[in-house]
There are 2 protein chains.
Amino acid sequence: MGWEGVRDEVLRRIRGRVWAPGDVIPGEEALAVEFGVARATVNRALRDLAEAGLLERRRKAGTRVALLPVRKATLEISIIRQEVEARGEVYGHRVLERRMEAVPLSVALRMGVAAGARLLFLETLHLAGGRPFAHEVRWLNIAVLPGGVVPDFAAVSANEWLVQNVAYATGDIEFSAELATAAEAAALGIRAGDPVFVTERATWTAEAPITFVRLLHGPGYRLRTMV
Amino acid sequence: MGWEGVRDEVLRRIRGRVWAPGDVIPGEEALAVEFGVARATVNRALRDLAEAGLLERRRKAGTRVALLPVRKATLEISIIRQEVEARGEVYGHRVLERRMEAVPLSVALRMGVAAGARLLFLETLHLAGGRPFAHEVRWLNIAVLPGGVVPDFAAVSANEWLVQNVAYATGDIEFSAELATAAEAAALGIRAGDPVFVTERATWTAEAPITFVRLLHGPGYRLRTMV
DNA sequence: CAGGTCCATATGTATATACATAATAGCGCC
DNA sequence: GGCGCTATTATGTATATACATATGGACCTG
């Protein structure tokens, strides 16, 4: 039995309530003897389950079955082109606006730049099969671009270009529901007042903010994942 | 240098473009020699980065820096009580409806039960500080409840009760934006036509469907995570 | 009894070694 | 050239061993 076998058996016992939530399960050494494997193998298996949130491990205290297992849903944040192509549609994008502009306060706070700082403002429409798929508004700190060159993002979307050219360290994402403004509705080909699924994302390198994006998906869009 | 040190150094080289996207990086053995650690330690570090999506590893082919690193955002799906209490507010909930009912077709398809199957229908309002926080509509397959006992969910929400009493194997989650219907708006204390953030979740044991939940959060709600 | 100290203990990490496995690159054959 | 087999090779896993580290609980002290 390999470490996956051990993991599956432990999982089976948790699911089968052989070890109920809150219970301390046998130590690694004991399980290693029982399963006839090395302790390192048991360790690998239990570590995996702990990362998944099903077990809680503490030195000396031992391993216990999580009382309230925190389900961890992993969203794969792919670039929009991949997302569109995964649906079997042809991707395209159009840059609607591209100019230097002072950031509004809300964005400045979110990015951690000085209020009124002048960043590159981009407004883009992502297309799937020629039809509007998502509306993007982005502020970009051109200081972090390698070589100081600012692409026009006509050929490759800012989204994809940044992923490939600027390695980032951290970021956060927020999802919310809003109503489309008239301008947004016009861009997306929907009606003003239709619900839009909003994704807001800010990213930083270790030293400086990179970009803040606000992405709007029209009615019918669903963000989906397995648990 | 421990495995975390190796991971950090490799990460530094990826971020610093010492190893650019697409590049094959040195093998484990070579890195082990360079860093003065055992191969197993390098393996642990690289495996960690591969799980994070920054490296792609294939036997024989070696390890390369991901061309399009798929950012994996991990959403922690906690029970609603925890979410409310994490905001420093007092949690409460009210069961609005509770009856056996034939599932609508959309739910039947989503859960994988026969169309028209009779399941327990629950409508619940989750409160934060006495104010509506989320509106929940749930269909529950009582056949999977241990002992065949059906709680009234007045003391403990179905959400929390199921987490603690029915271990599940798989599930999926979908997020979307919709407009509140008149009934939903009334329950949540918002206006009809306000945007609502919708979370739909279906869960299964290995053998049978457990539940399907549709959760509505009013304007202002944001689902947030770090990347 | 409150509080601090110390020890036993379970997990965490590191190591050398060995073998398993997948997949490529090259060889040989037709 | 094209096809299929094989040898090679990097990663994947397993093992015994050793030591590190956190920490719960016993014990001691005021």
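Reader: Where does A:Lys60 lie in chain A?
Author: A:Lys60 sits in the loop that runs between strand 2 (55-58) and strand 3 (62-65) of chain A. Keep in mind that this is a predicted model.

Reader: And what's phi doing there?
Author: Phi of A:Lys60 is positive, about 70 degrees, although the residue is not a glycine.

Reader: Is that lysine buried or exposed?
Author: A:Lys60 is exposed, at a relative accessible area of 87%.

Reader: OK, over to chain B. Which loop holds B:Phe153?
Author: B:Phe153 is in the loop between strand 7 (131-140) and helix 6 (158-165) of chain B. Phi of B:Phe153 is positive too, near 60 degrees, in a residue other than glycine.

Reader: Buried or exposed, that Phe?
Author: B:Phe153 is buried, with a relative accessible area of 3%.

Reader: While we're in chain B, which strand has B:His135?
Author: B:His135 belongs to strand 7 of chain B. B:His135 counts as buried because its relative accessibility is 4%, and the cut-off for buried is under 20%.

Reader: I need to pick a protonation state for it. What polar contact does its side chain make?
Author: The side chains of B:His135 and B:Glu123 are joined by a polar contact of 2.9 Å.

Reader: What else does B:His135 touch?
Author: Leaving out residues up to four places away in sequence, its contacts include B:Leu96, B:Thr124, B:Leu125, B:Glu184, B:Ala187 and B:Arg214.

Reader: Switching to DNA. How many residues surround strand D, and which are the closest?
Author: DNA strand D has 22 residues around it, and the closest are A:Gly2, A:Arg58, B:Arg39, B:Arg57 and B:Arg59. By class, the surface near DNA strand D has 11 charged, 6 polar and 5 nonpolar residues.

Reader: What share of the strand D atoms within 4 Å of the protein is sugar or phosphate?
Author: Sugar or phosphate accounts for 74% of those atoms of DNA strand D, and bases supply the rest.

Reader: Got specific distances? I'd like something to check in a simulation.
Author: Here are three. A polar backbone atom of A:Trp3 is 2.9 Å from a phosphate oxygen of DNA strand D. A polar side-chain atom of A:Arg44 lies 3.3 Å from a phosphate oxygen of the strand. For a base, an N or O atom in the side chain of B:Arg39 is 2.7 Å from a base oxygen of DNA strand D.

Reader: Which elements give two or more residues to that surface?
Author: In chain A, helix 3 (39-51) does; in chain B, helix 3 (39-51), strand 2 (55-58) and strand 3 (62-65) do. Helix 3 of chain A gives the most, with 4 residues.

Reader: How is chain A divided into domains?
Author: Chain A has domain 1 (3-65) and domain 2 (80-217). The C-alpha centres of these two domains of chain A are 44 Å apart.

Reader: Which residues of helix 6 in chain A are buried?
Author: In helix 6 (residues 158-165) of chain A, the buried ones are A:Ala158, A:Asn159, A:Glu160, A:Trp161 and A:Leu162. They pack against helix 4 (80-86), strand 6 (118-128), strand 7 (131-140) and strand 10 (209-217) of chain A.

Reader: Last one: which residues touch the most other members of the largest nonpolar core?
Author: That core has 33 residues, and A:Phe175, A:Phe197, B:Phe175 and B:Phe197 touch the most other members. The contacts of A:Phe175 include A:Leu75, A:Phe197 and A:Val198 in chain A, along with B:Phe197, B:Tyr221 and B:Leu223 in chain B.

Conventions. Residues are numbered from 1 along each chain as its sequence is written. Chains are lettered from A and ligands numbered from 1 in the order in which they are written. This is a predicted model: local features need pLDDT of at least 70, side-chain atom pairs count only at pLDDT 80 or more; totals for chains, interfaces and linings use all residues. Side-chain values use heavy atoms; hydrogens and water are left out. A nonpolar core is a set of buried Ala, Val, Leu, Ile, Met, Phe, Trp, Tyr and Cys residues joined through side-chain atoms within 4.5 Å. Buried means under 20% relative accessible area, exposed over 50%, partly exposed in between (1.4 Å probe, protein chains only). Contact means heavy atoms within 4.5 Å. A residue is near a molecule or strand if one of its heavy atoms lies within 4 Å of it. A polar contact is a pair of N or O atoms within 3.5 Å; within protein, one must be able to donate a hydrogen and the other to accept it, and residues adjacent in sequence count only if both atoms are side-chain atoms. Ala, Val, Leu, Ile, Met, Phe, Trp, Tyr, Cys and Pro count as nonpolar, Asp, Glu, Lys and Arg as charged, and the others, Gly among them, as polar. Domain bounds come from an automatic or database domain assignment.
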